[in-house]
Amino acid sequence: MRKSSSTTVQELPGSAAYRPTPPPAWRPRTDPAPLLPDPEPFRVLGTDAAAAADPELLLTLYAQLVRGRRYNAQATALTKQGRLAVYPSSTGQEACEVAAALVLREQDWLFPSYRDTLAAVARGLDPVQALTLLRGDWHTGYDPHEHRIAPLCTPLATQLPHAVGLAHAARLKGDDVVALALVGDGGTSEGDFHEALNFAAVWRAPVVFFVQNNGFAISVPLAKQTAAPSLAHKAVGYGMPGRLVDGNDAPAVHQVLSEAMERARSGGGPTLVEAVTYRMDAHTNADDATRYRGDADVEAWREHDPILLLERELTARGLLDDGHRRTVAEGAEAMAARLRERMNADPVLDPMDLFAEVYAERTGQLREQADLLRAELEASEETGDAGEGSHSPHSPRGPRGEEGDAR
């Protein structure tokens, strides 16, 4: 009798031999339960945990948040004055930026994205040097080795494999170094994100991946990037723990990142931390955010402003009065005034710097190009056509030396 068309493979004669069975020794490589993030973002402010928060840390965070907010406002203003070509503001995300800098030890490395100039400044970098790349004056603007801050990374997520490589090398050499790699929610859709997390987990590299989920990859909302329960859940697939934190709760971010850094330092391997936050300003000064989000959403997040949240806690505990608030604000304003004054000065640029610090030793092609440009500059000087603001390629070169190669 002919079998009906609805007969399954398992019902056919002899099909038992083809039924799949698990391998005899199969088991999950890693227990997924400890790796799962909490169902809600971790918080300190507004919870019982706030009472145990260190007052000195809270005041430090507050001062840095106020300073960071003023830094963001001043840098944005500089774009309108033509002193910066572009500025990706981190207004609203200051708690993430500041906490990331404060959890680092001197020997640790920060790997920032293009939006993370505030983290670099909070780490101790000169604000003018932090903005040099965005001004278009220099490749990076600072010595990464001196400050333990990798170059600001404009291509999405490409800094993540770099962080893993440095952390893995440090582990092999026995150095007490942890790398903290910053990335936005849009960067988690890049292949570099996958490659970095996979290598880091397999090698148990001492690196922490810090995702600032501000809701949009330029104009693309998170819901159009991923169907995952959260970005922190992605960690489980790589075999590392995922942590979810309120990105506007400064002490909470500091605590979660501190724990992840210490886990990496003690040999526990990498951690993926997702901070839920919001970008209050447009993507950059060239973006019109009203085309993809409404004012009501922005106003709702203003009530969850990181400075406002911390002010409430400090005031309630009697740690912040009008005098202290005024002192912090005056310090931030003085920083902005110095930044404004220095950025309004026309820089003295040397076209030969195009070839400086590209390679430790210049390639033959670069030497040929440098010789060609030098000859053109000398010819321009002889005819009086040298542009205002430039100087002779034979003038003193400063710390990079005559050739301007890497130190």
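## A contact to start with

The side chains of Asn-214 and Gln-93 are joined by a polar contact of 2.9 Å. Here, a polar contact is a pair of N or O atoms within 3.5 Å; within protein, one must be able to donate a hydrogen and the other to accept it, and residues adjacent in sequence count only if both atoms are side-chain atoms.

Before going on, a word about the model. It is predicted, so local features need pLDDT of at least 70 and side-chain atom pairs count only at pLDDT 80 or more, while totals for chains, interfaces and linings use all residues. Residues are numbered from 1 along each chain as its sequence is written, and side-chain values use heavy atoms, with hydrogens and water left out.

## Around Asn-214

Where does Asn-214 sit? You'll find Asn-214 in the loop between strand 3 (207–213) and strand 4 (216–217). Helices (H or I, at least four residues) and strands (E, at least two) are DSSP runs, numbered from the N terminus. Asn-214 counts as buried because its relative accessibility is 5%; buried means under 20% relative accessible area, exposed over 50%, partly exposed in between (1.4 Å probe, protein chains only).

A polar atom of the Asn-214 side chain also lies 3.3 Å from the backbone nitrogen of Phe-216. Leaving out residues up to four places away in sequence, Asn-214 touches Gln-93, Arg-115, Asp-185, Thr-277, Tyr-278 and Arg-279. Contact means heavy atoms within 4.5 Å.

## The sheet

Now for the sheet: it is open, has 5 strands in the order 1-2-3-7-6, and its pairing is parallel. Strand 1 (109–111) and strand 6 (242–246) stand at the edges with a single partner strand each, so one side of each has no neighbour in the sheet. From one strand to the next, the twist averages 20 degrees.

Strand 6 pairs with strand 7 (residues 271–276) in the parallel sense over 5 bridges; two strands pair if DSSP finds at least two bridges between them. Val-245 stands opposite Ala-275 in strand 7.

## Helices on the sheet

Helix 2 (residues 94–102) packs on the sheet and touches strand 2 (179–184), strand 3 and strand 7. The direction of helix 2 makes about 165 degrees with that of strand 3. Axes are lines fitted to C-alpha atoms, for helices over the stretch in contact, and angles run from 0 to 180 degrees between N-to-C directions.

Helix 6 (residues 159–173) lies across strand 1, strand 2 and strand 3, and runs at about 170 degrees to strand 2.

## The whole protein

Altogether, the protein has 13 helices and 7 strands. Of its 407 residues, 45% count as buried.
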